[in-house]
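Open the model in your viewer and get ready to select by chain and residue number. We will go from one stop to the next.

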Amino acid sequence: MTNIVLVGASLLTPYKYHFFNNGIIVATVAGTLCGVLGVFVVLRGMSYIGHGLSHAVFGGAAASAVMQINYFVGAGVWGVASGVLIGRIARRRIIGADAAIGVVTTASFALGLALLNRYGQAKKSIEAVLFGSVLGVRTSDIVAVCIVAVCVVIIVTLMYRRFLFATFDPEVAQVTGVKVAWVEVLLMVMLSLTILVTMRVIGTLLISALLVIPASIARMLTNSFAKMLWISPIIGASSAFVGMNLAYHLDTSASATIILVGTAVFIVVYATTGIRGRSRIANIHHV
Amino acid sequence: MTPGVLVACEHLSCAYGTTFAIKDVDFTVTSGDFVAIVGPSGAGKTTLLKAILGAIKPISGHITKKPGLRMAYVPQVESVDWGFPVTVLEVIVMTRTKTRLWPRVTAQERNDALSVLERLGLAGLENRHIRELSGGQQQRVFVARALFHRPELLVLDEPTSGVDVRTRHEVLHLLADLHGDGVTILLTTHDLNGLAAHLPRMVCLNSVVIADGAPSDVLTPEVLEKTYGAPMEVLQHGGIAVVVDHAGSHIARRLGRQS
């Protein structure tokens with residue numbers, strides 16, 4: 001009995017710290033948000049775009065730090081512009097679209113690195129942006145991630161069928177009256193803003209994993225798009241919550257632990273859903 | 001616009017970059033038509049459909065449509081992502097994009113969808129994933145989605161491409177039934193004998209319209225050679241024209257000699 005009380009008290013220890021409470025709120029909301037948008041990222045075969053976009057936002061973050069512009073304004077404008085540009089390149093399906101995306105995003109990333117080397121407190125800033133940091137989470141980060149999460153949930157709910165139709169069958173959706181190009185712009189803007197508000201906790205390098213892993217797990221568990229949109233955010237939020245707690249007790253990086261928890265769930269689901277789950281994930285269409 | 005005309009294309013030209021896909025096409029679809037556009041690969045069949053549907057902008061010419069014309073499009077089954085996580089019911093109701101605040105399927109939508117499914121012989125399959133259906137059922141689900149939109153004009157791109165003989169018969173019977181119910185149908189096909197020759201009207205296209213009329217008038221060796229650029233023979237079998245490819249018999253003779 002005493003042992004149970006001791007373990008319980010030890011589990012609650014991190015909640016005494018203000019920074020941890022801030023961090024776990026942002027991480028859990030970020031997990032939910034990435035879970036919702038990850039469904040679109042995975043089903044549209046956009047994992048590479050998500051990865052590239054996080055690198056592009058890094059450039060914006062660095063530039064806004066150097067120019068002393070508010071992070072959300074500077075990196076936000078940069079991220080949304082990159083997102084829309086990447087979306088256009090991907091949609092036109094011109095030859096070498098992946099190469100074009102690679103050039104745009106890695107150039108932005110390289111510019112960010114160079115700016116921080118030259119003008120910033122290089123090492124500290126770069127590490128914080130690349131790997132994320134729970135220590136630097138401010139109230140404004142909580143407000144920002146919550147605003148984006150509420151907006152994304154409202155937009156996805158109101159436009160659910162248009163998003164589904166444009167993702168599943170863009171050509172017929174267009175003919176039926178769905179403005180597919182606008183749906184794609186909206187999706188890229190939401191993705192850019194999500195990366196922007198979650199990057200300080202999760203970091204540039206691991207954010208795409210939080211977009212891909214929960215949605216892939218959800219895909220193995222269900223054959224319904226609507227159910228994926230419930231399961232994926234629940235897995236994203238749970239991985240983030242459990243990962244943050246584990247990270248405190250194991251003294252490991254928060255973002256890495258969150259992703260490792262997600263990966264562990266992926267492996268368990270992959271192993272237990274058998275051929276059915278594996279064939280679902282194998283059949284995900286890649287553009 | 002002439003009464004009864006649903007779509008009228010006049011001197012229509014469409015291009016991809018500097019290459020013309022269709023050139024100076026005059027083509028009309030009248031209410032009650034059941035028409036197949038035939039031609040070789042790259043002849044501009046799908047381009048013409050997409051121009052009519054409004055998915056491609058013509059570089060010259062005009063398309064006039066009956067005001068308020070409701071069209072629905074059935075894409076090629078090969079273009080469908082069968083691994084996508086959707087059930088039959090979800091596929092059908094996704095066309096009604098203007099929902100109330102909550103995107104749940106309403107009782108009315110469900111009833112409408114179930115009655116379309118029943119009409120197409122798909123009753124009881126509404127909760128199946130699209131991959132779990134047979135080839136004929138898959139094709140019919142996409143026709144069901146189009147019908148759920150209550151179209152006056154149903155447009156199908158290669159409805160029998162990549163399907164087996166039995167499925168082709170199912171599709172043909174289904175389209176004949178729909179036409180009997182008053183739906184105007186426009187489709188493209190590669191399948192001269194299996195599909196086009198059975199319809200009341202066919203259009204031979206190879207960038208330009210080569211012939212337009214009843215199969216008995218259109219299916220001549222001259223028209224076919226002009227359309228496909230290869231000699232073909234036309235035989236009559238049970239009152240239906242049957243196209244025979246010269247190259248096939250020629251190759252068979254050569255192989256026969258060699259063996």
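Start in chain B. Select B:Leu153, then look across to S7(B): its bridge partner there is B:Thr184. Keep in mind that this is a predicted model.

**Stop 1: two paired strands**

Widen the selection to residues 153–157 of chain B, which form strand S6. Add residues 184–189 of chain B, strand S7. How many bridges join S6 to S7 in chain B? There are five, and the two strands run parallel. Strands of a sheet pair through backbone hydrogen bonds, either parallel or antiparallel.

**Stop 2: the whole sheet**

Now show the other strands around this pair. Six strands of chain B form an open sheet. Read them across in the order S5-S6-S7-S3-S8-S9. The pairing is mixed. Which strands stand at the edges? Select 71–74 and 208–213 of chain B: these are S5 and S9. Each has a single partner strand, so one side of each is left without a neighbour in the sheet. Neighbouring strands here are turned by 15° against each other on average, direction ignored.

**Stop 3: helices on the sheet**

Select residues 135–148 of chain B. This is helix H4, which packs on the sheet and touches S5 and S6 of chain B. The direction of H4 makes about 165° with that of S5(B).

Next, take residues 221–228 of chain B. Here helix H7 packs on the sheet, touching S8 and S9 of chain B. Its direction makes about 150° with that of S9(B).

**Stop 4: a hairpin**

Stay with S8(B) and S9(B). They pair in the antiparallel sense, over five bridges. Pick B:Asn206, and you will find B:Val208 opposite in S9(B). The two strands form a hairpin with one residue between them. Click on B:Ser207 in the turn: its phi is positive, about 70°.

**Stop 5: a loop residue**

Move to B:Thr95. You will find this residue in the loop between helix H2 (88–93) and helix H3 (107–119) of chain B. Is B:Thr95 buried or exposed? B:Thr95 counts as buried because it has 22 C-beta neighbours inside 10 Å, and the cut-off for buried is 20 or more. Leaving aside residues up to four places away in sequence, B:Thr95 touches B:Arg145, B:Phe148, B:His149 and A:Thr176. Now draw a distance from B:Thr95 to B:Asp81, 14 residues apart along the chain: their C-alpha atoms are separated by 17 Å.

**Stop 6: where the chains meet**

A:Thr176 leads us to the contact between the chains. It takes 24 residues from chain A and 22 residues from chain B. Colour the chain B side by type: eleven nonpolar, eight polar and three charged residues.

**Stop 7: helices of chain A**

Select residues 18–43 of chain A, helix H2, and residues 207–221 of chain A, helix H11. Their axes are 7 Å apart, and the helices pack at an angle of about 70°. H2(A) and H11(A) are therefore roughly perpendicular to each other. Among the contact residues are A:Gly31 and A:Gly35 of H2(A), and A:Leu211 and A:Pro214 of H11(A). The contact holds eleven nonpolar, four polar and one charged residue.

Finally, add residues 180–202 of chain A, helix H10. The axes of H2(A) and H10(A) come within 10 Å and cross at roughly 150°. That makes H2(A) roughly antiparallel to H10(A). The crossing is left-handed. Contact residues include A:Val26 and A:Phe40 of H2(A), and A:Met190 and A:Ile202 of H10(A). This contact has twelve nonpolar, three polar and no charged residues.

How values were computed: Residues are numbered from 1 along each chain as its sequence is written. Chains are lettered from A and ligands numbered from 1 in the order in which they are written. This is a predicted model: local features need pLDDT of at least 70, side-chain atom pairs count only at pLDDT 80 or more; totals for chains, interfaces and linings use all residues. Two residues are in contact if their C-beta atoms, placed from the backbone, lie within 7 Å. Ala, Val, Leu, Ile, Met, Phe, Trp, Tyr, Cys and Pro count as nonpolar, Asp, Glu, Lys and Arg as charged, and the others, Gly among them, as polar. Axes are lines fitted to C-alpha atoms, for helices over the stretch in contact, and angles run from 0 to 180 degrees between N-to-C directions. Helices (H or I, at least four residues) and strands (E, at least two) are DSSP runs, numbered from the N terminus. Angles under 35 degrees count as roughly parallel, over 145 as roughly antiparallel, 65 to 115 as roughly perpendicular and the rest as oblique. Two strands pair if DSSP finds at least two bridges between them. A crossing is left-handed if the near helix is turned anticlockwise from the far one by less than a right angle, and right-handed if clockwise. A residue is buried if 20 or more other C-beta atoms lie within 10 Å of its own, exposed if 12 or fewer, and partly exposed in between; C-beta atoms are placed from the backbone.
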